[in-house]
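Dear colleague,

I am passing on the structure we talked about, and I would be glad if you could keep it open while you read the notes underneath.

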Amino acid sequence: MRLRHILGTALGVLALVLSLPASAHAVDGNLHYKYGDPQAPSEGQLNDPTANHCYNTSELEGHPKVAFAPYNQTGAPLAVYSKANCQGTRVTLKPGATRGNAVRFTSLLFGPEE
């Protein structure tokens, strides 16, 4: 009787461990971007972001909801989106690429599926 409970618990723990997603890894490098008045913009950056995690620009502490002029200084591709939660029009930047002030975004994702 006791052995059944131990075996059942062990199988339950194993099933739980196998169902957990693989841990997310950081993307080495930085994302630089601008925000505020395009004539006199402020600059921000996101250091070593997590891959495959959708960031809303409102989550970037102290920054407004809309950012522009992304500069991808990481080793991973980056997609910026016109709407929150990685929705809307998508613009992709290869590692090392930059875009001008015309590219405005409210969310972003490193390592997007092509």
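What follows is a short account of what was found, going from the whole chain to one strand and its partners.

Please bear in mind that this is a predicted model. The protein chain contains one helix and eight strands, and, read from the N terminus on, their order is α-β-β-β-β-β-β-β-β. Of the 114 residues in the protein chain, 30% are buried, while the area that the chain exposes comes to about 7400 Å², with carbon and sulfur atoms supplying 55% of it. If you take the contacts between residues at least 6 apart in sequence, 60% of them join residues that are at least 24 apart.

Strand E1, which covers residues 29-35, is a good place to look in detail. In a regular strand, side chains alternate between the two faces of the sheet. In E1, Gly29, Leu31, Tyr33 and Tyr35 form the covered face, whereas Asn30, His32 and Lys34 form the uncovered one.

E1 also pairs with two other strands, E4 and E2. With E4 (residues 67-74) the pairing is antiparallel and runs over six bridges, and here Asn30 has Gln73 as its bridge partner. With E2 (residues 42-47) the pairing is likewise antiparallel, over six bridges, and Lys34 stands opposite Glu43. E1 and E2 form a hairpin with six residues between the strands, and in this hairpin Gly36 takes a positive phi near 90 degrees.

With best wishes

How values were computed. Residues are numbered from 1 along each chain as its sequence is written. This is a predicted model: local features need pLDDT of at least 70, side-chain atom pairs count only at pLDDT 80 or more; totals for chains, interfaces and linings use all residues. Side-chain values use heavy atoms; hydrogens and water are left out. Helices (H or I, at least four residues) and strands (E, at least two) are DSSP runs, numbered from the N terminus. Buried means under 20% relative accessible area, exposed over 50%, partly exposed in between (1.4 Å probe, protein chains only). Contact means heavy atoms within 4.5 Å. Accessible areas come from the Shrake-Rupley method with a 1.4 Å probe; for residues, only the protein chains shown count as cover. Two strands pair if DSSP finds at least two bridges between them.
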